[in-house]
Structure formats: C-alpha cells, structure tokens
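Student: I have a structure open and would like to know what the terms used for it rest on. Can we go through them one at a time?

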Amino acid sequence: MASQPKNVGILAMEIYFPPTCVQQEAMETHDGVSKGKYTIGLGQDCMAFCTEVEDVISMSLTAVTSLLEKYGIDPTQIGRMEVGSETVIDKSKSIKTFLMQIFEECGNTDIEGVDSTNACYGGTAALLNCTNWVESSSWDGRYGLVVCTDSAVYAEGPARPTGGAAAIAMLIGPDAPIAFESKIRASHMSHAYDFYKPNLASEYPVVDGKLSQTCYLMALDSCYNRLCNKYKKLEGKQFSVADADYFVFHSPYNKLVQKSFARLLFNDFLRNASSIDEAAKEKLSPFSSLTGDESYQSRDLEKASQQVAKPFYDEKVQPSTLIPKQVGNMYTASLYAAFASLLHNKHSTLAGQRVIIFSYGSGLTATMFSFRIREGQHPFSLGNIAKVMNVDEKLKSRHEFTPEKFVETMKLMEHRYGAKDIVTSKDTSLLSPGTYYLTEVDSMYRRFYSKKDENTSEGLPHSNGF
Ligand code: ACO
C-alpha cells in the first residue's frame with residue numbers, strides 16, 4: 001500500500017493583477033475627502049482594476065497558464081482544480097469550466113472540482129478541498145490546483161477605495177515547501193448581513209461597513225482562541241503570538257490588518273500569555289473588564305493594543321502587506337496575495353518558520369490555520385516561487401490612470417455587467433505578452449477570450465484564443 005502523503009501544501013504559486021491602477025492619494029482629492037483618509041486612514045497606496053478587456057476569467061486563465069508554463073507542469077498532471085471567487089459572471093457555469101479549455105487541449109478532462117463561493121473565503125475553501133483530496137484515499141497521485149480570482153468593485157462612496165483585482169494560482173501536492181500543520185486550525189462560521197450581493201443585476205455588494213469590521217474582529221477572536229485551545233491540548237503549553245514567526249491576514253485594507261494583529265495581543269493579555277511583558281500588561285489592564293461588545297467599540301483599547309503590538313507588527317506582519325496595499329482588496333485572492341508578499345520579501349529566511357494565516361469571508365465564514373515553511377526542492381524552492389511571481393517587476397510596470405479615467409471605466413463596466421452582444425476594443429496595449437483578454441460576449445452571452453502573443457507587444461485578436 002502506498003504510504004500516506006506527507007507535508008501536503010502549496011508547491012508553487014503565480015499571481016496576476018491588472019496593469020491598470022489608480023493612486024489612493026489622487027482618489028482622496030478626486031472624492032473630496034480629507035487628505036490622508038485612504039492612504040493613512042485605510043492604509044492603502046494604490047488600487048488595481050480591470051478595464052473592459054479583463055475579467056475574473058481572463059485573469060485566472062493568465063495565472064493558470066503562466067504557472068503551468070513557468071514550472072514546466074504538463075496539464076495532464078493536474079487531477080483536481082478548485083476555484084474560489086465571489087465575482088458572479090454566470091449563475092450556473094463555473095469559472096472552473098472556462099479554465100478547462102487549457103486542459104482539454106491536452107486531452108485532460110479528468111479533473112475534479114468546481115467553484116466555491118462565500119465572499120472572500122472561497123479561495124480558502126478551495127485550498128482546504130484540494131489539500132483534503134491529496135490527503136484522502138481517492139487521491140490519484142496528480143497535483144491539485146487552486147485558483148482565487150476576483151474583481152472587487154464598489155459603488156461610489158466610502159467603500160469604493162477598498163476595491164482591487166487579482167488572480168492567484170497555487171499548485172498543491174505532497175512534500176510542499178509551504179506545508180499545512182493540519183492540527184493547528186480553527187474556524188468560526190455564523191449568519192450575518194455585513195457584506196452581501198443580493199442584487200443580481202449589479203456587480204456591487206451591499207455593505208454595512210462598520211458591521212463588517214466588527215464581524216471580522218469577532219471572527220478573528222473566536223478563531224484565535226479556538227486555535228490556542230487546540231494548541232494547548234496538542235502541545236501541553238499555551239500558544240501566543242510569540243509562537244509564530246509571521247501572521248498573514250485577509251486584507252480588505254491595511255488598517256484592519258493592523259487592528260487585527262493588535263487584537264491578537266489583547267487576546268494574549270486576557271489569557272495571561274507569555275508574549276505580554278509587564279509594560280504591555282500595564283497598558284492593557286484598564287481594559288481587562290470590558291465585555292466583548294464594549295471591547296470592539298473602545299477606541300482607547302484600539303490605541304493601547306496597537307501601541308503594544310507595534311514592534312511585533314513590524315517584524316511579524318508588515319512583510320506580508322506589500323501587494324494588498326498596492327493592489328487593494330482582491331477578495332478571495334487578498335489573503336494569498338498577502339502570503340505572496342511574505343514569500344517575496346522573506347523567501348531566503350523563511351525555511352523552518354511557522355506562519356499563521358487568517359481567512360475571513362463576510363456572511364460569515366472564517367478559518368485560522370498554520371503553515372510550516374520548508375526548504376523545497378527545485379523548481380518548488382522558496383527562492384524560485386518568489387522569482388516566478390516577479391512581484392517587483394509586475395508592480396513597477398503598471399499604468400496609472402487618473403481618477404476620472406478610473407470612474408469612467410467603472411461606468412462602462414456597470415453598463416457591460418450582465419450584457420450580451422458586446423465586442424470589446426481588444427486594446428491590449430497595456431497588457432503584457434501572454435495575458436488573456438476578453439474579445440466578445442455574443443448574442444447567447446457566450447464569452448470569448450484571446451491571449452496576447454508572447455512574441456510581440458501588440459495583441460493579435462483571436463490569435464491564440466478560446
Ligand atoms: N487622515 C488620517 N486618517 C483618517 C482621515 C485623515 N484625513 N480621515 C479619516 N481617517 C481614518 C478614520 O479615523 C478611520 O480610521 P479608524 O478605523 O482607525 O478610526 C479610517 O480613516 C476610515 O475612516 P472612516 O470614516 O471610518 O471610513 P468610512 O466609514 O467612510 O469607510 C469602510 C471605511 C467602512 C472600511 C468602508 O471603506 C467600507 O465599507 N469598505 C468595505 C467593507 C470592508 O472592507 N470591510 C472589511 C471586512 S469585509 C471584506 O473583506 C469585504
């Protein structure tokens with residue numbers, strides 16, 4: 001009997017985000033809000049968005065083909081593919097089935113898996129499904145593939161600067177450099193109306209911004225305390241932030257990540273854990289008798305715990321904030337883009353370290369879990385994963401739109417959402433070679449895509465298309 005696969009997790013990653021973006025500072029001026037609201041108040045630098053030639057399907061086609069090509073993976077080696085997304089293009093046909101075009105061309109239609117949807121959590125559901133498959137008795141020895149793809153757009157108003165767009169592809173298998181510590185995992189799931197998309201005629205969510213912040217923090221507290229309890233049962237000692245090298249959070253905007261990490265330290269304080277020294281105890285003790293609800297409303301507690309957390313934040317969280325600050329909320333891809341930032345910044349020193357991951361999706365679903373990072377064998381080494389993602393170059397080669405042009409694009413996309421009989425401009429001048437783009441939605445709502453030729457800077461419509 002074949003032995004149980006060990007160290008199952010992420011073998012390889014690729015990230016794609018649109019080359020079109022708008023600076024948050026320019027958006028502050030354009031929207032007439034006080035200077036610093038988006039950049040300091042939300043902690044965001046820049047926001048990516050899809051123009052009329054890109055969508056969640058084209059972005060995921062780009063991310064998947066790029067991953068397969070750069071790691072030399074034959075499409076017949078994929079046995080399961082799971083997609084996480086909350087961007088609804090079709091109420092029945094999954095994004096996964098669009099991606100099957102890549103595999104059908106190579107004669108591989110034997111691939112399990114469909115799409116998972118629950119706000120920003122779908123990517124984590126996809127990742128857990130794929131990992132469970134590799135660990136199960138039905139695993140056939142091939143790789144799993146997880147795809148997170150979203151275009152996060154909001155109506156004009158306070159939520160608009162918390163948009164973004166990206167797709168991430170992750171190859172799953174045993175002996176992975178990014179391996180699950182499968183016993184260190186806890187979830188919190190309940191019913192809330194904090195962010196949802198009941199209007200099927202619009203891409204925009206209905207969002208209760210303040211409630212969504214509290215729901216996120218409540219789910220975080222619950223997951224963290226459960227994870228600490230499980231760790232204690234397993235290891236016979238208390239868990240605190242000192243027991244992990246890095247913390248990676250789902251990032252709707254950076255300020256919430258700062259508040260979340262501070263919240264973990266407040267939880268450590270309440271449990272009298274070792275990460276809290278005497279000075280920190282003194283700062284936090286005025287808040288020890290607050291009820292849970294009071295603690296979410298207390299600005300003084302927020303300030304005190306952020307002060308206590310600051311040195312730990314710089315060391316354990318800040319390295320994962322690059323892409324989410326630069327690209328914005330990518331919904332399902334946000335968390336894994338934050339993890340990609342950590343790999344980008346720290347790949348040469350990550351081996352042996354523990355990374356705690358917090359996934360949140362409104363509505364609400366949340367899981368906290370742990371990765372143990374290992375060296376990895378070429379091509380699945382940490383250094384090669386960082387090299388393939390090429391984050392600096394992708395960020396540097398973007399094109400900044402003015403806020404006016406961004407708003408104009410949003411208007412066009414509103415008009416196009418759910419429409420048929422559309423031929424796009426096929427303008428690929430801003431896209432890198434190898435990028436997929438939307439060419440047409442025909443009279444039966446069927447969508448067609450092409451790939452920008454690898455050997456030219458010009459797009460060749462239908463040159464290499466689906
Ligand atoms: N300089 C510096 N900071 C400023 C300034 C300024 N000029 N103006 C405001 N701020 C600060 C505020 O004090 C606040 O900081 P705080 O949270 O530490 O108090 C921050 O900027 C934001 O200002 P608010 O007035 O609270 O912002 P508003 O209520 O208008 O919108 C919100 C923020 C609710 C996050 C909105 O953007 C939103 O609804 N986004 C979508 C929902 C979301 O992302 N929720 C998170 C979890 S759910 C998910 O992942 C989708």
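Tutor: Begin with residues 178-452: the chain there is 44% helix and 19% strand, and the end C-alpha atoms are 32 Å apart. The model is predicted.

Student: What makes residues 178-452 a stretch to look at?

Tutor: An unreviewed UniProt entry annotates residues 178-452 as "domain: Hydroxymethylglutaryl-coenzyme A synthase C-terminal". Such an annotation may be inferred rather than shown by experiment.

Student: Why is the pair between Lys 259 and the ligand called a polar contact?

Tutor: The cut-off is 3.5 Å between N or O atoms. A polar side-chain atom of Lys 259 lies 2.5 Å from an oxygen atom of the ligand, so the pair counts as a polar contact. For Lys 210, a polar side-chain atom is 2.7 Å from a ligand oxygen. Pro 158 takes part through a backbone N or O atom, 2.8 Å from an oxygen atom of the ligand.

Student: How much of the ligand does the protein bury?

Tutor: The protein buries 79% of the 1,000 Å² that the ligand exposes when taken alone.

Student: Which residues around the ligand come nearest?

Tutor: There are 27 residues around the ligand, and Lys 37, Lys 210, Ser 212, Lys 259 and Arg 299 come nearest.

Student: Which helices each supply at least two residues of that shell?

Tutor: They are H2 (37-41), H6 (209-235) and H7 (254-270). H6 gives the most, with four residues.

Student: How is the shell divided by class?

Tutor: Eleven of its residues are nonpolar, ten are polar and six are charged. Lysine and arginine count as charged.

Definitions and conventions
Residues numbered from 1 in each chain as written. Predicted model: local features only at pLDDT ≥ 70, side-chain atom pairs only at ≥ 80, totals over all residues. Heavy atoms only, no water. Near = heavy atom within 4 Å. Polar contact = N/O pair within 3.5 Å; in protein donor to acceptor, adjacent residues only side chain to side chain. Areas by Shrake-Rupley, 256 points an atom, 1.4 Å probe, with all protein chains shown as cover.
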